[in-house]
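Me: Hi, I've got a model open and I'd like to go through its empty spaces and its cysteines with you. Could you take a look with me?

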Amino acid sequence: MTWITQPRSKIGALATISTGTGPLVVLIHGVGLRSEAWGAQTEALSQTCRVIAVDMPGHGASPALATGPNMADYVEAIVAVLDEPAIVIGHSFGAMIALQLAIRHPAKVKAVAALNAIHRRDADAKAAVKSRADELDGRTIANPTATLNRWFGTDVSPQRMACQEWLRNANPAGYRDAYRVFATEDGASDADLNAIQCPVLCLTGAEEPNSTPDMSRKIVALVPNGRAEIIDGAAHMLPMTHAPRVNTVLAEFIVSNL
């Protein structure tokens, strides 16, 4: 699988990769990435679904939000893509947004798959993510090496090389703004999770040190209709590194919620 740049179409203010026909599936990537990060999923899921992978505001070809955006701003920017009730799939910060879409716009969301979702960081993790956010000035490109090492270790791979290119070419202000929200947020409140009526799948890697398996299990314990699945040997970038298994799980989840 290669993650080459794909043609875009505009939906509202956002640039998207749109492909396939059928029930709507919307994909939301994480901070610093772009819709090509879902390349393996758009290829597989578009065989039976209309798939829209968005460039998050300030990422890829999508313009940044106004200065100082919050979580609600990202949610409202992306909800415009949902022209019919959709299955929403998000990764990392995108998983936070996907869950918030179900909370704030329940009529628009049939089901949520939250991949590598954050829920209640411990004190050390909070301090680390805040420190990284504080280092971003919005003008210069952050050195991606430490981020890539957290995601992939030090081994060279096509997935690592693709993410390195995206991070090095990210919009500095868009990256800073999204990362600040990601660092500030700590997952939806218990009450909001309790109120989600649609099915929720939390999927993460067994080797994930940040969006841990325990976080996924705690989220699904709070939603009325949730389940967690943990992929052995996977870490943060499982949509890219473990695409065949992820695609199988997502395809089954989609079929069960149409």
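Me: Let's begin small. By class, what residues does the lining of the second largest cavity have?
Reply: Happy to help, and keep in mind that this is a predicted model. That lining has four nonpolar residues, one polar and no charged ones.

Me: Which residues are they?
Reply: The second largest cavity is lined by Ala37, Trp38, His91, Met237 and Pro239. About 30 Å³ of space lies inside.

Me: And how many cavities of 30 Å³ or more are there?
Reply: The count comes to two. The largest cavity holds about 90 Å³ of space, and 13 residues line that one. Closest to its centre are Met96, Leu99, Ile118, Gly187 and Ala188.

Me: Which helix gives the largest share of that lining?
Reply: Helix H3, residues 93-104, with four residues. By class, the lining of the largest cavity has nine nonpolar, three polar and one charged.

Me: Okay, on to pockets. How much space lies in the largest one?
Reply: About 780 Å³. It has 44 lining residues, and Val129, Arg132, Arg150, Tyr179 and Phe182 are the closest to the centre.

Me: Which elements give two or more residues to that lining?
Reply: Four helices are the ones to look at: H4 (123-134), H5 (145-152), H7 (172-184) and H9 (213-222). Sorted by class, the lining of this largest pocket has 21 nonpolar, 13 polar and ten charged residues.

Me: What about the second largest pocket, what is its volume?
Reply: About 190 Å³. Its lining is made of 14 residues, with Arg34, Gly60, Glu165, Trp166 and Asn169 nearest the centre. Those lining residues divide into five nonpolar, six polar and three charged.

Me: Changing topic: how many disulfides does the structure hold?
Reply: Zero. Cys49, for one, is in no disulfide, and the nearest cysteine sulfur, in Cys198, is 16 Å away.

Me: Is Cys49 buried or exposed?
Reply: Cys49 counts as buried, because its relative accessibility is 2%, and the cut-off for buried is under 20%.

Me: Why is there no bond from Cys198 to its closest cysteine sulfur?
Reply: That closest sulfur belongs to Cys202 and is 11 Å away, so it is too far for a bond. A pair has to be within 2.5 Å to count as a disulfide.

Me: And Cys198 itself, buried or exposed?
Reply: Cys198 counts as buried too, with a relative accessibility of 10%.

Technical notes
Residues are numbered from 1 along each chain as its sequence is written. This is a predicted model: local features need pLDDT of at least 70, side-chain atom pairs count only at pLDDT 80 or more; totals for chains, interfaces and linings use all residues. Side-chain values use heavy atoms; hydrogens and water are left out. Buried means under 20% relative accessible area, exposed over 50%, partly exposed in between (1.4 Å probe, protein chains only). On a 1 Å grid over the protein atoms alone, a cavity is a set of points where a 1.4 Å probe fits but cannot get out, and a pocket is an open set with protein on both sides within 12 Å along at least five of seven lines; lining residues have an atom within 4 Å of a point. Grid points are joined across faces, edges and corners, and a volume is the space filled by probe spheres set on the points. Ala, Val, Leu, Ile, Met, Phe, Trp, Tyr, Cys and Pro count as nonpolar, Asp, Glu, Lys and Arg as charged, and the others, Gly among them, as polar.
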